[in-house]
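Colleague: Thanks for making time for this. Could you walk me through the model, and tell me what each description rests on?

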Amino acid sequence: MNFWDVFTASFCVFGVLFFIAGTVGLLRFPDVYCRLHALTKADNLGLGLIVIGLMPQTTDMYHMFKLLVIWMLVLFASATSCHLIARHEFRKCPVEYEGEHNDVD
Amino acid sequence: MNMIYAFLSISLLISLLVGVIRIFLGPTKADRMLAAQLFGSVGVAILLLQSAFTHNWVLMDVALFLSFLASITVIAFVKLGDVKR
């Protein structure tokens, strides 16, 4: 086990910990919006850590950049889907928040 | 190193299976859709770990396509979810 294997193992273990945190948040949080928060943030951070950890294991530059492209696609897709689901829920049953908010859509 | 990859893949699978509970439990339709999103992101992570584990980099294409399809499902849910049948 050389240095890069230790690098890969530690980053992947942290990534899997973030994934487990996202699943626990999906099960334990009380609201749809909180669950969206847990799913789209913690899981993408975990996937990013796994991608960074797996990058030294690839054999050429092409696969390295492909890993980065996968992470970028997942980031954009989950940000978009988070907004779509939140807007869909908010239009169906609007939630009253404390304080002021001005985005009347 | 192979042990670590196998252990991480199995723990990701277990977290995926625990997330299935939200599909049965979720009060609204969007909660069930969120569990499907969890399938997308955890599936991508498992496929990436397996592609590094077996040095079979074709699985990376499968991961790319899975992440693409997971976003398509949400768009279909939002656009077509309220259609009366």
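Colleague: What share of the 85 residues of chain B count as buried?

Modeller: In this predicted model, 33% of the 85 residues of chain B count as buried. To be placed in that class, a residue needs 20 or more other C-beta atoms within 10 Å of its own.

Colleague: What confidence does the predictor give to chain B, and what to the complex?

Modeller: Chain B has a mean pLDDT of 87, with 95% of its residues at 70 or more. For the complex, the ipTM is 0.88 and the pTM is 0.87.

Colleague: Which elements make up chain B, from the N terminus on?

Modeller: The order is α-α-α-α: four helices and zero strands.

Colleague: Why is chain B called more spread out than a compact globule?

Modeller: Set the value against the rule: for 85 residues the globule rule gives 12 Å, and the radius of gyration of chain B is 15 Å, well over that, so the description follows. You can also look at the box filled by its C-alpha atoms, roughly 50 × 25 × 15 Å along the principal axes. As for contacts within chain B between residues at least 6 apart in sequence, 47% join residues at least 24 apart.

Colleague: How many residues does each chain give to the contact between chain A and chain B?

Modeller: Chain A gives 35 residues and chain B gives 36. On the chain A side, helix 1 (3-28), helix 2 (32-54) and helix 3 (61-92) each give two or more residues. Helix 3 of chain A has the largest share, with 13 residues. By class, that side of chain A has 22 nonpolar, eight polar and five charged residues.

Colleague: What makes helix 2 of chain A roughly parallel to helix 3 of chain B?

Modeller: Their axes cross at roughly 5° and come within 11 Å. Angles under 35 degrees count as roughly parallel, so helix 2 of chain A is roughly parallel to helix 3 of chain B.

Colleague: Which residues make that contact?

Modeller: From helix 2 of chain A they include V32(A), R35(A), L36(A), L39(A), D43(A) and G46(A). From helix 3 of chain B, residues 29-54, they include A30(B), D31(B), L34(B), Q37(B), L38(B) and S41(B).

Colleague: And how many residues of each class does the contact of these two helices have?

Modeller: The contact of helix 2 of chain A with helix 3 of chain B has 15 nonpolar, three polar and three charged residues. L36(A) and L34(B) are among the residues that make this contact, and leucine counts as nonpolar.

How values were computed
Residues are numbered from 1 along each chain as its sequence is written. Chains are lettered from A and ligands numbered from 1 in the order in which they are written. This is a predicted model: local features need pLDDT of at least 70, side-chain atom pairs count only at pLDDT 80 or more; totals for chains, interfaces and linings use all residues. pLDDT is the predictor's confidence in each residue, from 0 to 100. The radius of gyration is taken over C-alpha atoms; the globule rule is 2.2 Å times the number of residues to the power 0.38. A residue is buried if 20 or more other C-beta atoms lie within 10 Å of its own, exposed if 12 or fewer, and partly exposed in between; C-beta atoms are placed from the backbone. Two residues are in contact if their C-beta atoms, placed from the backbone, lie within 7 Å. Axes are lines fitted to C-alpha atoms, for helices over the stretch in contact, and angles run from 0 to 180 degrees between N-to-C directions. Angles under 35 degrees count as roughly parallel, over 145 as roughly antiparallel, 65 to 115 as roughly perpendicular and the rest as oblique.
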